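User: I've got a structure here that I'd like to talk through with you, bit by bit. Can I fire off some questions?

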Amino acid sequence: MSKALGIINFAGNHINVGGLQDYRPVGAISFLGRYRVIDFPISNFSNSGIENIHVYVRRKPRSLAEHLGTGRHYNINSKRGRLHLLFAEDGMDSLYSNDVSAYIDNMEVIENSSSEYVIIAPSCMVFKQDFGALLDQHIASGADITLLYHSTEEAKEKFLTCQTLELNRQKGVMGISPNRGNAKNRYIFMDTYVMKRDLFISLIKNTHKTSAMYTLADCVNLACQEMDVRGVAHRGFFASITDFKSYYDANLSLIDFKTAQALFDDEWPIYTRTNDSCPTQYFEGADVKASIVCNGCLIEGTVENSVLGRGCTIKKGAVVKNSVILPDVVIGEDTVLENVVVDKHAKIIHVKEVKGTPENPGYIRRGDTL
């Protein structure tokens with residue numbers, strides 16, 4: 001679908017995924033053991049036939065750049081399409097470091113695109129969406145801008161770092177405002193926009209002149225008063241990885257098979273960078289229940305309701321419950337982990353018990369030895 005340019009935005013200044021974000025951007029964080037969060041928006045674009053994709057990054061780009069590579073593992077045709085990594089020039093701690101600033105920094109690349117439309121998607125949200133169908137719906141409606149939203153009855157407890165849409169009865173967007181947790185029924189804005197490329201360029205330039213601190217969401221919120229901005233409902237699984245608790249909850253929720261079916265579909269593959277590794281080995285005495293276990297693990301202990309990334313080692317007598325274990329972690333003999341997230345390359349071999357709570361899960365830093 002050459003008439004649409006795909007843009008994947010970086011996480012905003014209001015997003016902070018605990019210690020995980022200290023080492024990589026949100027899009028590069030491991031998800032369900034074998035994926036990265038950014039695999040989902042890129043796969044949505046690729047499966048929708050959109051093969052020219054701009055990925056924006058502003059902090060600690062190495063992990064993301066290594067994972068994306070040339071983009072061939074996302075089934076992007078190298079002759080027709082390209083996965084283009086673009087950088088924000090303002091410092092990550094600058095008040096001026098936002099998405100509009102990054103678009104201004106890379107405006108020449110956007111203007112050189114031959115696509116008539118742009119579809120902007122976030123790098124910090126996990127969902128399945130046919131962007132081709134969304135674009136067709138946008139064109140058929142005659143709207144200036146189309147925004148994607150997810151309806152929820154849990155807005156008091158969840159999505160507290162997200163924006164919400166105010167809709168009229170015709171699904172026209174009257175405004176964008178933060179979710180303050182004061183109502184359970186909300187239309188959660190999925191940070192996904194569809195509009196003509198020329199309009200996008202005009203909005204970005206005008207917004208930057210109005211206020212150097214305005215974001216694209218601020219820009220569209222102002223445009224709601226003058227333009228035809230429509231909302232389109234999303235159906236299926238939706239997770240917003242905007243804080244540490246939401247990351248933990250999203251991983252564990254997908255252990256449930258019915259929940260996972262709302263995200264994963266044989267006809268809509270989620271692409272990722274793969275590596276050659278042997279199957280997981282389950283030794284005598286191993287006990288694994290209701291868990292997602294990736295390749296290359298060595299399991300002698302007990303794993304329950306948890307996610308194990310590639311190459312993890314669970315020693316004899318160890319117990320892992322309600323936890324998310326990133327790749328290449330070693331859990332020593334007779335060690336008990338419960339309600340924790342363990343970052344890559346960590347070793348828990350001396351301390352025999354680490355426990356968090358479902359409301360406040362614990363975190364073990366990347367490469368630490370406990």
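User: Is Arg230 buried, exposed or partly exposed?
Analyst: Bear in mind that this is a predicted model. Buried would need a relative accessible area under 20%, and exposed one over 50%. Arg230 comes out at 27%, so the class is partly exposed.

User: And which residue forms a salt bridge with Arg230?
Analyst: The closest N and O atoms of the pair are 2.7 Å apart, and the cut-off is 4 Å. The partner has a relative accessible area of 27%, so this one is partly exposed too. That partner is Asp228.

User: Which residues do salt bridges with shared partners join into one network?
Analyst: Here the salt bridges have partners in common, and they link up into one network. Its members are Glu338, Glu353 and Lys355.

User: How many salt bridges turn up in the whole structure?
Analyst: Glu154 with Lys158 is one, its closest N and O atoms being 3.4 Å apart. Both ends of that pair are partly exposed, Glu154 at 38% and Lys158 at 39%. Searching the whole structure gives a total of 12.

User: How many residues apart in sequence are the parts that Glu111 and Lys205 tie together?
Analyst: These two form a salt bridge, with 2.8 Å between the closest N and O atoms. Glu111 is partly exposed at 36% relative accessibility, and Lys205 is partly exposed at 35%. Glu111 belongs to helix α4 (residues 107–111) and Lys205 to helix α6 (residues 197–210), so the pair ties together parts whose separation in sequence is 94 residues.

User: What about Arg310: which side chain of opposite charge is nearest?
Analyst: Arg310 sits in the loop between β19 (307–308) and β20 (313–314). Leaving out residues up to four places away in sequence, Arg310 touches ten or so neighbours worth a look, among them Arg34, Arg273, Cys294 and Asp328. Arg310 is buried yet has no salt bridge, and at 7.9 Å the nearest side chain of opposite charge is Asp39.

User: Asp39 is in α1, right? How many of the 9 residues of helix α1 are buried?
Analyst: Yes, Asp39 is in α1 and is one of the buried residues there, along with others including Phe40, Ile42 and Phe45. The helix (residues 39–47) is largely enclosed by the rest of the structure, because the buried count is 8.

User: Which residue just after α1 takes a positive phi?
Analyst: Look just past the end of the helix for a phi of about 85°. The residue is Gly49.

User: Let's get to the open sheet. Which strands stand at its edges?
Analyst: There are 5 strands, in the order β16-β19-β22-β25-β28, and the pairing is parallel. An edge strand has a single partner, so one side of it is left without a neighbour in the sheet. The two in question are β16 (292–293) and β28 (362–364).

User: Which residue in β22 stands opposite Val307?
Analyst: β19 pairs with β22 (residues 324–325) in the parallel sense, over 2 bridges. Across from Val307 you'll find Val324.

User: Last one: is Thr164 buried or exposed?
Analyst: Thr164 lies in strand β9 (residues 163–167). Beyond its neighbours within four places in sequence, Thr164 has contacts including Ile176, Pro178, Tyr187 and Phe189. Relative accessibility is 2%, so Thr164 counts as buried.

Methods. Residues numbered from 1 in each chain as written. Predicted model: local features only at pLDDT ≥ 70, side-chain atom pairs only at ≥ 80, totals over all residues. Heavy atoms only, no water. Helix = DSSP H or I, 4+ residues; strand = E, 2+ residues; numbered from the N terminus. Buried < 20%, exposed > 50% of the residue type's maximum accessible area, 1.4 Å probe, protein only. Lys, Arg positive; Asp, Glu negative; His and termini not counted. Contact = heavy atoms within 4.5 Å. Pairing = 2+ DSSP bridges.
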